[in-house]
Amino acid sequence: MNFNEFKIKSKRRLLAYWYKAIRRRIAVEDKTVLFFTFQGKFTCNPKYICRMLHELAPEIRCVWVTLSDGERQDFPDYTETVLFGTPEYYKALYGAKILVDNGFNFVKQPMEKKKGQYYIETMHGSLGIKRIDAASNPNVKRNRIGYRCGELSDYIISNSDFETDVYRSSFWEKTPVLMYGHARNDILINGRDDTADGDLYDKVRNFYGLPHEAKLALYAPTFAREASKEFEIFDAGLLRSCLAERFGGDWYILKRLHPRDARSRSVSSDSDYILDGNLYTDIHEIMVAIDFGVTDYSSWIFDYVVTKKPGMIYAPDLEEYQNSTGFYYPITATPFPLAKDNFSVSDIIRNFDLKKYDEDVDFFLKSKGCVDDGKAAGRAAEMIVNLINDKLPES
């Protein structure tokens, strides 16, 4: 951390304590909702809840937290934005009736929830395999924040029996769980976006200047890890040629870095068929548009699974990652074929059995008790309207 970063963080912390001390002077506004995603953008579950909320009750004020000064990209006109760590942010924090979070965000700085406020946690995963409990993560600060989030959350939204068990065994042991499904998965179930953008298949292709008939694959690994040895680099060219051989068509590869990595580096390539997937904000819109998906352990593919479109896992560091992070269930229990090297990628794609994959997906979703049905955003938005009127949901 350099000196400027230290000054910024110190100033934010001082402001956090100051507004925590004077929070009672800030009136709670009944019709204000404050949304905060770890990406700092209009995305994830809060995005789709916000849009449905605006449709149901346009008089409600929707305020969003950003992480960079003046950022308004992709935010609709009916929203307002405040910059994290500023006086405007803390006034919104203690002035909003409803706080909507997608993962430990409001508790990054010291805060207290006021009487009359409701804290709704949506998280940002679904049926993901990576453990999130404190016992599997040595980061004491992160775990302290997690427990604080669990303590303050009035409700947490789940999309499955499996996910509810994850919440109960991590930071939300006593928090009421709402089995609504995940709002961000609605467009994956429906294959379209009914609230705004229409045909997402062509929207994504038009964004990248591709023709309608172009085939798209997404390669999006989880955040980069320090390894004790070098692992084989994923061969996007091989992926492209194998996909063309098995499924036909002219393929392009969207390579998307984890948000944590995208802040410090970017996708670079000399190949015109490798495109920067981070340029497009909403990965769920990308999932609607793609024809094939590849990751290592990232949670996005466990949302993507509800589309039933083909996907696979490329995990050359499987043993090391499993020993350091841990899984809730064996990676072989997913419906996704597993490759540990590029040779296996080639073999899997060239012999991809769509019928078996479809059967494996159905079994996987049923075994996890998944309740996603394409109507989650409506349930969450209606719940928020009821909370604004102090009508509590049934959990």
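Which residues touch the most other members of the largest nonpolar core? In this predicted model, that core holds 93 residues, and the members with the most contacts to other members are Val33, Phe35, Ile98, Phe292 and Ile384. Helix α15, which spans residues 376–388, gives the most to this core, contributing seven residues. Phe35 offers a good view of the packing: leaving aside residues up to four places away in sequence, Phe35 touches Pro46, Ile49, Cys50, Leu53, Cys62, Val63, Trp64, Val65, Val100 and Phe106. Another core, of 33 residues, lies apart from the largest one and has Val82, Ala96, Leu99 and Ile145 among its members.

Helix α15 also packs against helix α2 (residues 44–56), and the axes of α2 and α15 come within 8 Å and cross at roughly 60°. With that angle, α2 and α15 are therefore oblique to each other. The crossing of this pair is right-handed. On the α2 side, the contacts come from Tyr48, Ile49, Met52, Leu53 and Leu56, which meet Ala377, Gly378, Ala380, Ala381, Glu382, Ile384 and Val385 of α15. Two of the α2 residues named here, Ile49 and Leu53, also appear among the contacts of Phe35.

Turning to the strands, an open sheet is built from six of them in the order β10-β9-β8-β11-β12-β13, with parallel pairing. At the edges stand β10 (274–276) and β13 (338–339), each with a single partner strand, so one side of each has no neighbour in the sheet. Strands of a sheet pair through backbone hydrogen bonds, in either a parallel or an antiparallel sense. Starting from the β10 edge, three bridges pair β10 in the parallel sense with β9 (residues 251–255). Here Leu254 of β9 stands opposite Leu275 of β10.

Leu254 in β9 also has Leu218 standing opposite, and the parallel strands β8 and β9 are joined by five bridges. Further along the sheet, β8 runs parallel to β11 and is joined to β11 by three bridges, with Tyr219 opposite Val294 of β11. Strand β8 is mostly covered, as four of its five residues are buried.

What does helix α8 touch on the sheet? Helix α8 (residues 236–247) packs on the sheet with contacts to β8 (215–219), β9, β10 and β11 (292–295), and the direction of α8 makes about 140° with that of β9. A helix neighbour is present as well: α8 packs with helix α13 (residues 342–350) at an angle of about 15°, the two axes being 8 Å apart. That angle makes α8 and α13 roughly parallel, and their crossing is right-handed. In this pair, Leu238, Leu239, Cys242, Leu243, Glu245, Arg246 and Phe247 of α8 meet Asn342, Ser346, Ile349 and Arg350 of α13.

Ile156 deserves a separate look. This residue is placed in strand β6 (residues 155–158). Is Ile156 buried or exposed? Its relative accessibility is 0%, under the 20% limit, so Ile156 counts as buried. Leaving out residues up to four places away in sequence, the contacts of Ile156 are Glu121, Met123, Tyr167, Trp172, Thr175, Pro176, Val177 and Leu178. Between the C-alpha atoms of Ile156 and Leu338 the separation is 32 Å, with the two residues 182 apart along the chain.

How values were computed. Residues numbered from 1 in each chain as written. Predicted model: local features only at pLDDT ≥ 70, side-chain atom pairs only at ≥ 80, totals over all residues. Heavy atoms only, no water. Pairing = 2+ DSSP bridges. Contact = heavy atoms within 4.5 Å. Axes fitted to C-alpha atoms, helices over the stretch in contact; angles between N-to-C directions. Core = buried A, V, L, I, M, F, W, Y, C linked by side-chain atoms within 4.5 Å. Buried < 20%, exposed > 50% of the residue type's maximum accessible area, 1.4 Å probe, protein only. Parallel < 35°, antiparallel > 145°, perpendicular 65-115°, else oblique. Left-handed = near helix turned anticlockwise from the far one by under 90°.
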